[in-house]
Amino acid sequence: MVPDSLLALAEDVVEAYRKRGWRMAAAECTTGGLFSAVMTTIPGVSAVFDRGFVVYSNESKTEVLKVKQDLMIQYGAVSQEVVRALAQGVLTQTQVNWAIAETGIAGPNGGTPEKPVGTTYLALIHRSGKIQTRTFTFKGDRRSIRVQMVSAMLEWMLELSIETN
């Protein structure tokens with residue numbers, strides 16, 4: 001079940017992007033399609049949401065969004081470098097104005113001292129090539145971390161629409 005707080009954020013994002021004539025797509029790793037599920041709950045979302053790519057395995061990141069294996073070997077699949085490549089891959093595969101991507105560690109295993117459970121990288125890129133990244137360390141269990149990731153994605157997209165007003 002999708003928390004009401006996420007639905008409210010998604011409604012605001014859809015309305016803001018619709019007003020600006022923007023279209024978006026997403027690359028999801030750790031959220032496993034939760035972002036897309038939240039977005040597609042909103043009536044009329046097809047005016048702004050093109051698609052979501054769920055690329056959970058490293059192989060899928062390479063096959064679907066052309067993330068170079070060498071990048072994942074050098075920096076790890078959960079890294080700023082890989083999330084940037086994921087966002088760029090979304091733009092390559094679509095005709096949207098904006099692409100958002102995430103990668104992280106939701107746990108309960110997989111964390112390290114350098115990248116503990118809850119570590120999340122987000123990237124947001126515009127068709128012009130301007131790309132921004134953010135890093136978070138969320139707390140909680142796997143479900144909670146995934147919800148926080150989607151919330152951060154939606155909040156950033158909404159923030160962007162206000163800044164660009």
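Visitor: Let's start somewhere simple. Which strand does Ala25 lie in?
Guide: Keep in mind that we're looking at a predicted model. If you find Ala25 in it, you land in strand 1.

Visitor: Is Ala25 buried or exposed?
Guide: Check its relative accessibility, which comes out at 0%. Buried means under 20% relative accessible area. With 0%, Ala25 therefore counts as buried.

Visitor: What does Ala25 touch, once its neighbours within four places in sequence are left aside?
Guide: Among its contacts are Phe49, Arg51 and Val90. The rest of the list is Thr94, Val96, Trp98, Ala99 and Ile100.

Visitor: How far is Ala25 from Val45 in space?
Guide: Along the sequence, these two are 20 residues apart. In space, going C-alpha to C-alpha, Ala25 and Val45 are separated by 12 Å.

Visitor: Phe49 came up just now. Which ring does Phe49 pair with, and how are the two arranged?
Guide: A pair of aromatic rings is described by the distance of the centres and the angle of the planes. Searching the whole structure turns up four aromatic pairs. In one of them, Phe49 partners Phe35, with 6.2 Å centre to centre and 65° between the planes. Planes over 60 degrees apart count as edge-to-face, so the pair of Phe49 and Phe35 is edge-to-face.

Visitor: How many residues apart in sequence are the parts tied together by that pair?
Guide: Phe35 sits in helix 2, while Phe49 belongs to strand 2. Both are buried, Phe35 at 0% relative accessibility and Phe49 at 7%. The pair therefore ties together parts whose separation in sequence is 14 residues.

Visitor: Which residues do ring pairs link into a cluster?
Guide: Look for one Tyr and two Trp residues here. The cluster is made of Tyr17, Trp22 and Trp98.

Visitor: On to helices. Is helix 1 roughly parallel or roughly antiparallel to helix 6?
Guide: Two packed helices are described by the angle between their axes and the distance between the axes. For helix 1 and helix 6, the angle is about 30° and the axes are 9 Å apart. Angles under 35 degrees count as roughly parallel, so helix 1 is to helix 6 roughly parallel.

Visitor: Is the crossing of helix 1 and helix 6 left-handed or right-handed, and which class of residue has twelve members in the contact?
Guide: The crossing is left-handed. Helix 1 contributes residues including Leu6, Leu9 and Val13, and helix 6 contributes residues including Val147, Val150 and Leu154. Three residues of the contact are charged and two are polar. The class with twelve is nonpolar.

Visitor: At roughly what angle do helix 3 and helix 5 cross?
Guide: Lys61, Val64 and Leu65 of helix 3 meet Ala85, Leu86, Gly89, Val90 and Gln93 of helix 5. The axes come within 9 Å, and the crossing angle is roughly 35°.

Visitor: What is the phi of Lys66 near?
Guide: Most residues other than glycine have a negative phi, and most peptide bonds are trans. Lys66, in the loop between helix 3 and helix 4, is exposed at 55% relative accessible area. Its phi is positive, near 60°.

Visitor: Is the peptide bond from Gly107 to Pro108 cis or trans?
Guide: Pro108 is in the loop between strand 3 and strand 4. With omega near 10°, the bond from Gly107 to Pro108 is cis.

Methods. Residues numbered from 1 in each chain as written. Predicted model: local features only at pLDDT ≥ 70, side-chain atom pairs only at ≥ 80, totals over all residues. Heavy atoms only, no water. Axes fitted to C-alpha atoms, helices over the stretch in contact; angles between N-to-C directions. Helix = DSSP H or I, 4+ residues; strand = E, 2+ residues; numbered from the N terminus. Parallel < 35°, antiparallel > 145°, perpendicular 65-115°, else oblique. Left-handed = near helix turned anticlockwise from the far one by under 90°. Contact = heavy atoms within 4.5 Å. Nonpolar A, V, L, I, M, F, W, Y, C, P; charged D, E, K, R; others polar. Phe/Tyr/Trp six-rings, centres within 6.5 Å; stacked < 30°, edge-to-face > 60°. Buried < 20%, exposed > 50% of the residue type's maximum accessible area, 1.4 Å probe, protein only.
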